[in-house]
Every structure is written in structure tokens, then in C-alpha cells.
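The questions below concern the terms applied to this model. Each reply sets a computed value against the definition that it must satisfy.

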Amino acid sequence: MIVLAGVVIVIAASCAPPPPARVSFTWAIGRAEPRFDPGGPPDPVRWAIERLLGRGLLEEDTSGAIVPAAAARHEVTPDGLVHTFHLRPGLRFGDGTRCGSGDFRRAIESNLNRLDHATQLWLLESLAGTDDVRAGQPLPPLGIATPDDSTLVLRLARPDSLLPRKLALPGVAVPWSAADAGGGWRSGLGDYQAVAASSGRMTLVRRDDAATAGPDTMHLRFARGITRARAWLRAGQVDLLWPVPPGLLAQGLPAGVHARSRPARPSRGLLLVLRADLPPTSRPPARHALAHGLDRAGLLAALGPHGVALAAWLPGGEPFDFPRRDPETVRAWLERGKFRRSLHVVMTYSADGAGAEIARPMQAEWAGLGLDVELRPVSAAAFQAAARAPGGAQLALVESQSLLEDPVAELAALVTPARGPVIGGLRTGWRTREFDAWLHPRGATQPLDVAGAQRRLEQDQIVLPLARLPWLWVERTGGSGVPCHPHFGPDPRRAASLEPEDRKGR
């Protein structure tokens with residue numbers, strides 16, 4: 001009987017279905033690896049990685065709805081001044097350590113007094129006590145309480161109907177484990193855990209308790225330029241290439257891959273910033289001369305699939321009245337500004353972004369009118385620092401997406417605060433108090449006059465919206481493809497299972 005039982009066990013084992021094949025996904029990133037900085041200025045690539053590794057109280061789904069994430073319940077008092085979040089039981093970071101309400105409190109507080117930008121402080125200005133926050137100084141008492149390990153209470157000084165949407169943004173209320181704070185990517189509450197990292201590479205493994213189905217393993221590869229990107233695509237080992245390096249699509253794509261795009265929401269734009277705090281663009285005649293030296297239709301053609309024609313700029317506004325290219329108008333503004341027949345400025349841009357597609361055509365157009373524009377391309381990381389620095393180049397080509405689909409949020413990134421660091425990722429040098437009632441409300445106010453705000457932008461010509469930027473990526477042909485979140489771009493976390501891991505050469 002013992003022998004017979006053994007035979008039965010062997011037969012049963014041989015008839016059992018094989019374990020499911022593990023599926024891997026390779027995401028090639030056409031720029032250098034971003035530094036782990038959850039509270040840093042908005043950066044779509046860093047945000048995409050953070051969304052794989054971390055999870056906040058709330059999140060925005062693909063329809064734009066705000067839904068619970070780490071919070072099981074969200075309660076709001078009738079007056080809108082107290083928001084209570086009850087956390088899901090048993091929350092643990094990817095490294096196994098427990099996560100409680102104190103971790104969420106530290107996540108919210110840690111980025112309110114940064115010296116490099118004030119994005120989180122502006123988003124959470126309704127929180128009690130934030131009026132007394134000063135960059136680089138210890139935090140005052142704030143309206144944040146943790147009555148127990150699973151409850152977080154936010155007390156507001158004034159109601160804020162957009163608070164849930166703000167808390168759903170990456171980095172605003174996303175905790176990270178303190179156990180592995182060694183300077184690299186840390187463990188969060190997301191579906192993936194970073195298990196290996198080396199120069200230009202990261203490997204992420206899907207957690208057993210992941211909230212969504214997706215690839216078991218993520219291979220992230222970082223490299224700048226089209227040479228490496230084209231080699232990856234030709235080898236057939238890349239499931240997603242995003243961001244797409246400048247110039248790649250103009251040369252055509254290898255067999256087996258294709259480009260896709262999707263409109264972004266809130267919309268993304270390629271902006272020309274003419275700094276109002278640096279000479280000579282601090283003077284209106286210089287800005288007007290440069291603005292009238294551009295052929296916008298030609299620039300759109302040079303952008304190709306990276307950009308599309310802009311209709312309205314501010315949400316709810318009219319089409320932007322873009323200055324027409326006119327040599328006579330350029331000469332008139334140069335004379336009015338006493339620049340004689342020319343002026344010299346420097347324009348910086350990310351060599352890894354859409355601005356690199358049109359920087360030289362812009363330079364050529366200006367040169368034909370006696371406008372000497374020196375180009376200064378830098379890496380994506382260097383450009384992010386340069387775009388918000390007090391000094392530097394007079395012009396900048398900036399890829400910008402509003403934090404919220406709201407005209408006030410768009411304006412907040414364009415108006416340089418009277419004191420303290422900038423809001424968002426760019427400095428325009430445009431200092432005006434006329435929008436303070438909406439940008440920094442202290443009570444009830446009338447709705448923003450969107451048409452009037454846009455007229456002010458058209459008059460001062462501090463920022464020119466050159467084009468609308470869709471999400472653009474390259475993916476492997478076949479299968480159901482890579483989903484795209486309208487706000488955050490291609491989402492490898494939800495990518496279809498394309499091929500078993502043991503069949504993909506790495």
C-alpha cells in the first residue's frame with residue numbers, strides 16, 4: 001500500500017498544471033535616472049516611478065475620479081473644515097515594516113518648508129497653521145492630528161473643495177519607509193518593490209498583496225539620446241519607450257514597434273518663458289521683439305507628433321492670441337527699446353525633451369531678424385534646476401502641466417511669489433498682486449475672470465504657449481498595449497502581460 005500510495009502521488013503531481021509563467025516588462029526611459037525626491041518639483045518620469053512604488057491616502061483613477069487608496073474611508077464635516085481619514089488595516093511598506101497614521105503625517109509635513117519650491121505648501125494652504133510656514137524654518141503647529149495609528153485628521157482654516165484632488169497628487173501625502181533611507185529609492189505602499197539598482201538600471205518586483213494585476217517584474221533602463229534608444233528597439237527587448245528622445249521619430253522606427261499618443265488631462269504645454277526679472281527681457285520691448293520673431297505654424301511642423309496646435313490655454317478661456325511673425329514690428333520694438341538693430345539673449349532647454357525639437361529652428365528664425373539667441377541645452381535634471389533658479393538664461397523652453405485642471409492652478413505656476421520659492425517647476429519672474437485673491441485666498445471670493453487673466457498674459461508676453469503636448473510613447477506591436485493615464489502618462493503598472501519572462505532575452 002505504501003508503494004501504491006507513492007505511485008498515486010507521483011501521477012497526481014505529474015497531472016497538476018504547471019505554475020503560471022512569470023511575466024516581465026521592460027521600460028526604457030530616454031533620460032538619466034531621476035533622483036528619489038518625492039517632494040520634488042513636478043516631474044512626470046519621477047512621478048511614474050513613484051506611482052509604481054508608493055501609494056497615498058487617495059488616488060486619481062483613469063476617469064479623473066478621486067478614489068480611496070491607503071485610506072479605507074474619508075469623512076468630511078458639514079462645514080468642510082475637518083477631513084478624517086481611516087487607514088486600511090495592516091498597511092505595510094514593501095520592506096515589511098508597518099505603516100501608520102504617523103507616517104502619513106510626516107509625509108505631509110516634510111515638504112511644506114522646502115527652499116527650492118513651494119508646490120506642496122501652495123496645494124495645502126487651506127490647512128490650519130500653514131500661513132505661518134516659512135521656507136527653511138521649523139514648522140509651526142499645524143492642523144494635523146493622529147488620534148491613533150489608523151486615523152489621520154486634517155483641520156482646515158477655510159474650506160477647500162479641491163483638497164482630495166490635491167492629496168491624490170504624487171508626493172503630497174505618500175509615505176515612505178524610514179528603514180531604508182540610504183539615498184536610493186525607498187519602499188512605499190505601491191504594487192512594486194525595488195529589489196536591485198545599478199548604473200542605468202532598476203529592477204522592481206510585484207508585491208504579493210498588489211492591488212492591481214500587472215507584470216511580475218519591471219526592468220527599468222535609463223539612457224539619454226537616440227543611439228541607445230534605437231539599439232534597444234532594434235533588439236526587440238523593449239515593451240515601452242517613454243519619454244521618447246528628441247529626433248527618434250523623425251528617423252523612423254524599427255519593425256516590431258510603433259508610436260502612440262494620447263491627449264493629457266490637465267493639458268500639457270510647451271511654453272517659451274521670457275524672464276521678466278532678467279535683462280534685457282525684463283523690459284517689455286525685448287519680449288515683444290522676440291515674440292514677433294517667431295512663426296508658430298513652422299514651429300508646430302518642426303515638433304511633428306511631439307506637439308499639436310493650441311486652442312485655449314487657460315481652462316475655460318478663449319484661444320490665445322499668439323503674436324504674428326512680423327519683421328517690421330520686430331524692428332519697431334527694437335527701436336523703442338533703444339536696442340539699435342539687435343539684442344543678445346540665452347535660451348536654455350532640456351536636451352532630452354520636446355524643446356530640443358524646435359530650439360534650432362527658433363534660433364534660425366530669430367537670427368534672420370537680427371535677434372541673437374544663444375542656445376544652452378542641458379540634461380533633464382540640470383534643466384529642472386535651471387528653470388526655477390533666480391538667475392541664468394533669459395529664455396527657457398519648458399514642458400509644463402498644471403497640477404489641477406483649473407485656471408488658478410495654471411496661473412500659480414506662472415506668477416513668481418513676492419517672497420519664498422516658486423510654485424511648480426518654473427520661474428517666470430512675473431510678480432503681480434492682482435491674482436492674490438485667487439492664488440492665496442483668505443476667504444470667499446468671486447470666480448476668477450479667466451478671459452481677463454489671459455488678456456494680461458497676452459499683454460505682458462512673459463510666457464508664450466507654443467504647442468499642446470500629448471503623451472507620446474513607443475511600444476511593442478501586438479497585444480493590448482500600454483494603458484495611459486490622462487494625468488500621469490503611460491502606466492506600465494497596468495500593462496498587459498506580453499511575454500513570459502523566461503522567453504525574453506535580457
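Q: How do the residues that line the second largest pocket divide into nonpolar, polar and charged, and what makes a residue belong to a class?
A: The lining comprises 14 nonpolar, five polar and five charged residues. The class follows from residue type: Ala, Val, Leu, Ile, Met, Phe, Trp, Tyr, Cys and Pro are nonpolar, Asp, Glu, Lys and Arg are charged, and the others, Gly among them, are polar. Among the residues nearest the centre are Asp160, Lys166 and Leu162; Asp and Lys are therefore counted as charged, and Leu as nonpolar.

Q: On what basis are residues numbered and selected in this model?
A: The model is predicted, so local features need pLDDT of at least 70 and side-chain atom pairs count only at pLDDT 80 or more, whereas totals for chains, interfaces and linings use all residues. Numbering starts from 1 along each chain as its sequence is written, and side-chain values use heavy atoms, with hydrogens and water left out.

Q: Why is one space called a pocket and another a cavity?
A: On a 1 Å grid over the protein atoms alone, a cavity is a set of points where a 1.4 Å probe fits but cannot get out, whereas a pocket is an open set with protein on both sides within 12 Å along at least five of seven lines; a residue lines either one if it has an atom within 4 Å of a point. Grid points are joined across faces, edges and corners, and the volume is the space filled by probe spheres set on the points. By this measure, the second largest pocket has a volume of about 520 Å³, and the largest pocket about 660 Å³.

Q: Which elements contribute to the linings of these two pockets?
A: The largest pocket receives two or more residues from each of α4 (119–123) and α13 (436–439). For the second largest pocket, the elements that do so are α4, α12 and α13, with α12 giving the largest share, three residues. Helices are DSSP runs of H or I of at least four residues and strands are E runs of at least two, numbered from the N terminus.

Q: How many cavities does the search find, and what lines the largest one?
A: Five cavities of 30 Å³ or more are found in the whole structure. The largest has a volume of about 880 Å³. It is lined by 43 residues, of which Asp43, Pro44, Arg268, Glu399 and Ser400 are the closest to its centre. β16 gives the most to this lining, with five residues, and β14 supplies at least two.

Q: What makes Thr348 buried or exposed?
A: Buried means under 20% relative accessible area, exposed over 50%, and partly exposed in between (1.4 Å probe, protein chains only). Thr348, in strand β14 (residues 343–350), has a relative accessible area of 6%, so it is buried.

Q: How do you know what Thr348 touches beyond its sequence neighbours, and which residues are these?
A: Contact means heavy atoms within 4.5 Å. Leaving aside neighbours within four places in sequence, Thr348 meets this criterion with Arg376, Val378, Phe383, Ala393, Leu395, Ala396 and Leu397. The backbone oxygen of Arg376 lies 2.9 Å from a polar atom of the Thr348 side chain.

Q: Why is the pair of Arg31 and Asp43 called a salt bridge?
A: A salt bridge requires a side-chain nitrogen of Lys or Arg within 4 Å of a carboxyl oxygen of Asp or Glu. The N to O distance between Arg31 and Asp43 is 3.1 Å, so the pair qualifies. Arg31 is buried at 8% relative accessibility, and Asp43 is buried at 2%. Asp43 also acts at the start of α2, where a side-chain oxygen reaches to within 3.2 Å of the backbone nitrogen of Val45.

Q: What makes Asp149 and Arg98 a salt bridge, and which accessibility class does each residue have?
A: Their side chains meet at 3.7 Å, N to O, and the pair therefore satisfies the definition. Asp149 counts as partly exposed because its relative accessibility is 46%, while Arg98, at 59%, counts as exposed.

Q: Why do Arg207 and Asp209 fall into their accessibility classes?
A: Arg207 has 11% relative accessibility and is therefore buried, whereas Asp209, at 52%, is exposed. The two form a salt bridge with their closest N and O atoms 3.0 Å apart, one of 26 salt bridges found in the whole structure.

Definitions and conventions. A polar contact is a pair of N or O atoms within 3.5 Å; within protein, one must be able to donate a hydrogen and the other to accept it, and residues adjacent in sequence count only if both atoms are side-chain atoms.
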